[in-house]
Structures are given as C-alpha cells and as structure tokens.
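Visitor: I should like a close look at a single part of this protein. Please choose one helix, describe how it is placed, and then relate it to the rest of the fold.

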Amino acid sequence: MSIWEALAVFAAGTAAGTINTIVGSGTLITFPVLLATGLPPVTATVSNALGLIPGSISGAIGYRAELTGQRTRVLRLGLAALIGGLAGAMLLLLLPSTAFETIVPVLVALALVLVILQPRISKAVQARRERNGSTDTHPDGGPLLFTGLMLASVYGGYFTAAQGIIYLSLMGMLLHDTLQRLNAVKNILAAIVNGVAALFFLFVADFDWTAVLLIAVGSAIGGQIGAKVGRKLSPTVLRAVIVVVGVTAIVQLLLR
C-alpha cells in the first residue's frame with residue numbers, strides 16, 4: 001500500500017467513524033476505498049469490520065450520557081446483535097456476494113420510510129394504547145424488536161452498510177424514547193456486531209493489518225467527532241441526516 005493509498009484509507013476511516021456515530025453507513029465510504037487499493041472483496045470486508053470496532057466504541061463513549069438508565073435494554077438487545085452478527089459473519093463465507101446486495105436497497109428504503117413516518121406512527125400507537133386503557137410500552141421492545149434487531153444484525157455481520165439506519169427505524173417504532181438515546185444504543189449494537197464478526201473472521205479469514213490499523217485509528221477519531229456533532233442535532237435535523245445518508249447509500253448500492 002502506497003503512502004497515498006494509506007492516507008486515503010485513514011481519511012475514509014475517519015469519515016466512516018464520524019458518520020457511523022451520527023447515523024450509520026460508514027462502510028459505504030471505507031469499502032470502496034479498500035477495494036481501490038487492490039484488496040479482494042472478502043479481505044476488504046473483514047478488515048473493515050475489525051477496523052471499525054474502535055470507531056463504534058469511541059462513538060458509544062461520546063454518547064455515554066444518553067446511555068444512562070439503558071443498561072438492561074443494552075444487555076438484552078446486545079444479545080440479539082451478538083447472535084445475528086455471528087450468523088452474518090458465517091454467511092459471508094458461505095454465500096455469494098450478490099446474495100444480500102439485491103435486497104439491501106429495499107431494506108434501507110423501507111427503514112427510511114419508517115424513520116420519516118416514525119413520529120406519526122408513534123403518536124398513533126400511543127393514542128391507541130390510551131383508548132385501550134394501557135399506556136405502558138415494553139422498555140426493551142419485547143420479542144418483536146429482539147427478533148428484528150437480530151435479523152438486522154445478520155445483515156450487519158455480513159456487510160454492515162446502513163445497518164445503523166435499520167436499527168434506528170426498528171427501535172424508533174417499538175421503543176418510546178428520544179432519537180438521541182436510541183442512537184446511543186445503536187452505537188453499542190454496531191460495536192457488538194463488528195466485534196463478534198471480526199473475532200470470528202480472525203480464525204477463518206485473511207486480514208490486511210495495515211488497512212485495519214489505519215481504519216481503526218481513523219474511525220476512533222471520527223467516533224469522537226461524530227458524537228460531538230450528532231449530540232447537538234435536533235430530532236428533526238437528525239432524522240433529515242438519516243434520510244440523506246440513507247438515500248445516498250441506496251444510490252451507491254444500486255450503482256455498484
């Protein structure tokens with residue numbers, strides 16, 4: 001890897017760490033850059049997964065205030081991420097690369113629709129509960145959210161691009177909480193998925209350790225930048241950022 005390629009990978013890692021902390025889809029920045037350096041797709045995928053772990057952890061630390069009081073939720077939903085992430089990592093080595101690519105744009109588009117409509121849907125659900133005499137919601141989203149996040153984590157362990165958007169849409173529908181607090185949980189879930197996938201890959205796949213180190217340092221820096229920026233965004237602006245990033249992700253995935 002030349003010095004210019006190394007600088008490009010580092011810059012991509014920083015940008016990915018920043019955007020992952022705010023919303024997700026950072027892989028759509030790092031993955032093409034890694035391919036451009038000549039890495040095979042699978043090697044690029046596993047190197048990217050390992051390199052982005054420090055960024056997810058850095059982002060979660062930056063959002064630590066929003067994680068207050070969510071320990072039980074994180075533990076339960078983290079189990080779903082752990083199971084799904086491991087399954088997705090296994091599928092990466094078993095399935096052709098086109099297996100998920102055809103459905104990913106549809107999943108992201110659906111997630112964006114849910115993000116846009118989430119305030120109205122939440123109000124409608126709350127009004128229905130009040131009419132039925134029940135205003136309580138499951139603090140952790142119940143079996144439906146657990147299953148949904150586990151399936152989203154299967155995809156996350158396989159490729160990771162835009163998984164944060166899917167997480168936020170699912171949690172926004174099924175949890176009664178602020179978008180910023182849900183974003184903090186999203187960063188933890190992403191760290192778990194990347195971590196378990198990378199641990200699995202350590203034993204069965206090849207890494208490019210130069211790429212891993214460059215992305216790791218860059219994403220850790222980006223995680224702090226993303227936390228400082230993301231925590232200042234209003235729910236409306238944050239939702240708009242999610243939509244813009246999501247649409248960009250869809251376009252890029254369709255053009256690949």
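**Helix α9 and its surroundings**

Guide: Helix α9 is mostly covered, since buried residues account for 10 of its 12 positions. The model is a predicted one, and every value below is computed from it. The buried members of α9 are Gln163, Gly164, Ile165, Ile166, Tyr167, Leu168, Ser169, Met171, Gly172 and Met173. The length of the helix is also consistent with its geometry: α9 covers residues 163–174, and because a rise of 1.5 Å a residue applies, its 12 residues should span 16 Å, in agreement with the 17 Å between its end C-alpha atoms.

Two of these buried residues, Tyr167 and Met171, lead outward to other parts of the chain. Both are touched by Leu189, whose contacts beyond four places in sequence also include Leu77, Gly78, Ala81 and Leu149. Tyr167 is likewise a contact of Ser153, a residue of helix α8, which runs over residues 142–158. Ser153 has a relative accessible area of 1% and is therefore buried, the limit being under 20%. Apart from Tyr167, and leaving aside neighbours within four places in sequence, Ser153 is in contact with Ala80, Ala81, Gly84, Gly85 and Val193. Ala81 thus appears in the contacts of Leu189 and in those of Ser153.

Met171 also belongs to the largest nonpolar core, which has 61 residues. Along with Leu149, Leu189, Phe201 and Ile242, Met171 is among the residues that touch the most other members of that core. The helix that gives the most to this core is α10, with 11 residues.

Helix α10 has a part at the surface as well. Together with α5 (71–94), α10 (179–204) supplies at least two residues to a nonpolar surface patch. The patch has an area of about 1100 Å² and is made by Val42, Leu86, Met90, Leu93, Leu94, Leu95, Leu199, Leu202, Phe203, Val204 and Trp209. Of these, Leu199 is found in α10.

A residue of α5, Leu82, offers a further point of comparison. Its relative accessibility is 39%, so Leu82 counts as partly exposed, between the limits of 20% and 50%. Beyond four places in sequence, Leu82 is in contact with Ile192 and Val196. The C-alpha atoms of Leu82 and Ala190 lie 9.8 Å apart, although 108 residues separate the two in sequence.

Another pairing of residues separated along the chain involves helix α2 (residues 27–36), in which Thr27 is found. Thr27 has a relative accessible area of 3% and is therefore buried. Its C-alpha atom is 8.6 Å from that of Leu52, 25 residues apart along the chain.

These details may be set against the whole. The protein contains 12 helices and zero strands. Of its 256 residues, 53% are buried. Among contacts with a separation of 6 or more, 83% are between residues 24 or more positions apart. The exposed area of the protein is about 11600 Å², of which carbon and sulfur atoms supply 70%. Within this setting, α9 is a mostly covered helix, and its residue Met171 is among those that touch the most other members of the largest nonpolar core.

Definitions and conventions:
Residues numbered from 1 in each chain as written. Predicted model: local features only at pLDDT ≥ 70, side-chain atom pairs only at ≥ 80, totals over all residues. Heavy atoms only, no water. Patch = residues over 30% accessible without salt bridge, like charges linked within 9 Å, V, L, I, M, F, W, Y side chains within 5 Å. Areas by Shrake-Rupley, 256 points an atom, 1.4 Å probe, with all protein chains shown as cover. Salt bridge = Lys/Arg side-chain N within 4 Å of Asp/Glu carboxyl O. Helix = DSSP H or I, 4+ residues; strand = E, 2+ residues; numbered from the N terminus. Expected span 1.5 Å × (residues − 1). Buried < 20%, exposed > 50% of the residue type's maximum accessible area, 1.4 Å probe, protein only. Core = buried A, V, L, I, M, F, W, Y, C linked by side-chain atoms within 4.5 Å. Contact = heavy atoms within 4.5 Å.
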